[in-house]
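Here's a quick briefing to read alongside the model. Have the structure open and follow the topics in turn.

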Amino acid sequence: MDIPRPQTPKRSRWILGGLGIAAVLATTIAVGRLEPAAPTVDAGVWLDTVQLGTFVREVRGPGTLVPEQIRYISAVTAGRVERVLVQPGTQVTPETELLTLSNPDVQLQLMEAQRQLATGEANLANLRATLENQRLSQEATVASAESQAREAERKAKAYRELAARGLYSQLEIQSLEDSAVELATRLEIEKKRLSFIEQSMAAQLAAQEAEIERLRGLVAFQQRYLESLRVTAGTRGVLRELPLQEGQWVNPGQQLAVVVQPGRLKAELRIPETQAKDVVVGQRASIDTRNGIVPGRVVRIDPAVVNGTVTVDVALEGELPRGARPDLSVDGTIEIERLQDVLFVGRPAYGQPESTIGVFRLDPDGEFARRVTVETGRASVNAIEIRSGLREGDVVILSDMSQWDGVERVKMR
């Protein structure tokens, strides 16, 4: 006999099915809204707090100490190094002989110049004697002409008195008077010739004396050439370089030695070309000699860029620490400007001025750090201006976080 089954209510099944579907949807939505798991970073990352106050812009660069006064000693003439008398590091005076050169040609040239001078002086003496003899001869000629003219005048006068008494003819008187006039004219001509000889004599002597002066200058020039074979320091200081050996041949203009004054040093800094645009003469600087910090001031900026850097000279204004010497490696910092009431923070890795960057800012509880977009302004060596994106008191991560470019938050370990 069949027993009929009881009928289950269909409404209850539908309700249970709907609740199950709703629960699945709610769970899916809730899971979808959950943030992805944040990666954990080491707590030893570099952190800094955003500050509001005086922002000092600085640039920094390595460099070396160099003497303010350097004397390069070059060869005046070619020659062979005969003796090297001092070694680098020696204290020298202007008269200290550094080395001795030899060049027979220089000695021969001096002897030839001296011979030409002696010949010129002999020619001058001969010319003076010749001209003086001509002048004396002409003076004798003038004296003779003057005597003859006077004699003719006296004779003509005497015969005119005789002719007045009828004792002498007028024709002979006329002849005597013509002779007196001729002799007087000759006397004038001889006097003019004497004057011309005297003037010519002065001009010829002056020309020969000028030639003598030229030859004396040539002898002095060759004498200095010969003296230049004895190379002296020429200034007081320390011999820094003398890279020559005995027997070596040097040419004119070749550098022989370098003398420096060790007590007067300056710093030559190599500032990156991207930072050197704001450096001007007169800005304050500090030089770290690794044995002390010396204040200074910018005195020169090289107009050229070499290997991506600009050379900046800094005059040292303080006392140098012990051990400071030429070619000592130093680090220099130049103060560009001081800005008041500026929001700034330590310069993040890869943080460039006048750009928009992403940095991780710590939550107030310090458990997580979230990426924020920050607009930067002017930059210094270790700090950078914040124009937007951060507030005073915010703590940000300055370390390199490029490996977390794909996440928006990290967990601090």
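## The open sheet

Four strands make an open sheet in the order β4-β11-β9-β6, and the pairing is antiparallel. The edge positions go to β4 (70-74) and β6 (91-92), each with a single partner strand, so one side of each has no neighbour in the sheet. Bear in mind that this is a predicted model.

- Follow β6 to its partner: β6 and strand β9 (residues 237-241) pair antiparallel over two bridges.
- Val 92 has Gly 237 as its bridge partner in β9.

## Strand β13 and its neighbours

- Which side chains of strand β13 (residues 284-288) point to which face? They alternate: Ala 285 and Ile 287 share one face and are buried, while Arg 284, Ser 286 and Asp 288 point to the other and are not.
- On to the partners: β13 is joined to strand β14 (residues 293-306) by five bridges, and the two run antiparallel.
- One of the residues just mentioned, Ala 285, has Gly 296 as its bridge partner in β14.
- β13 and β14 form a hairpin with four residues between them, and Arg 290 in the turn has a positive phi of about 70°.
- β13 also runs antiparallel to β16, with four bridges joining them.
- Asp 288 finds its bridge partner in β16 at Asp 331.

## Aromatic pairs

- How many aromatic pairs does a search of the whole structure find? It turns up two aromatic pairs.
- Phe 55 and Phe 344 make a stacked pair, 5.3 Å centre to centre with 25° between the planes.
- Phe 55 sits in strand β3 (residues 51-67) and Phe 344 in strand β16 (residues 329-346), so this pair ties together parts that are 289 residues apart in sequence.
- Both rings are buried: Phe 55 has a relative accessible area of 1%, and Phe 344 has 11%.
- The rings of Phe 221 and Tyr 225 have centres 4.8 Å apart and planes at 40°, so that pair is tilted.
- Phe 221 and Tyr 225 are four residues apart in helix α3 (residues 170-227), which means about one helical turn separates them.
- Phe 221 is partly exposed, because its relative accessible area is 34%, and Tyr 225 also counts as partly exposed, at 23%.

## A charge over a ring

- Look at Phe 368 for this one: Arg 409 lies over the face of Phe 368, at 4.5 Å from the ring centre.

## Salt bridges

- A search of the whole structure finds 27 salt bridges; a few of them follow.
- Arg 216 and Glu 121 form one, with their closest N and O atoms 3.5 Å apart. That pair links distant parts of the chain, with Arg 216 in helix α3 and Glu 121 in helix α2 (residues 104-164), 95 residues apart.
- Arg 216 is partly exposed, with a relative accessible area of 40%, and Glu 121 is partly exposed too, at 35%.
- Asp 313 and Lys 266 meet through their side chains in a salt bridge (3.2 Å, N to O). Here too distant parts of the chain are linked: Asp 313 is in strand β15 (residues 309-316) and Lys 266 in strand β12 (residues 265-272), 47 residues apart.
- Are Asp 313 and Lys 266 buried or exposed? Asp 313 is buried, and so is Lys 266.
- The side chains of Arg 338 and Glu 335 make another salt bridge (3.0 Å, N to O). Glu 335 counts as partly exposed, because its relative accessibility is 24%.
- Arg 57, Lys 277, Asp 278 and Glu 337 are joined into one network by salt bridges that share partners.

## A nonpolar surface patch

- Ile 15, Leu 16 and Leu 19 make a nonpolar surface patch of about 330 Å².
- Which helix holds Leu 19? Leu 19 is found in helix α1 (residues 10-33).
- Leu 19 counts as exposed, because its relative accessible area is 55%.

Terms used
Residues are numbered from 1 along each chain as its sequence is written. This is a predicted model: local features need pLDDT of at least 70, side-chain atom pairs count only at pLDDT 80 or more; totals for chains, interfaces and linings use all residues. Side-chain values use heavy atoms; hydrogens and water are left out. Patches are made of residues with over 30% relative accessible area and no salt bridge: like charges are joined within 9 Å, nonpolar side chains (Val, Leu, Ile, Met, Phe, Trp, Tyr) within 5 Å. Accessible areas come from the Shrake-Rupley method with a 1.4 Å probe; for residues, only the protein chains shown count as cover. A salt bridge is a side-chain nitrogen of Lys or Arg within 4 Å of a carboxyl oxygen of Asp or Glu. Buried means under 20% relative accessible area, exposed over 50%, partly exposed in between (1.4 Å probe, protein chains only). Rings of Phe, Tyr and Trp (its six-membered ring) pair if their centres lie within 6.5 Å; planes under 30 degrees apart count as stacked, over 60 as edge-to-face and the rest as tilted. A charge sits over a ring if NZ of Lys or CZ of Arg is within 6 Å of the ring centre and within 35 degrees of the ring normal. Two strands pair if DSSP finds at least two bridges between them.
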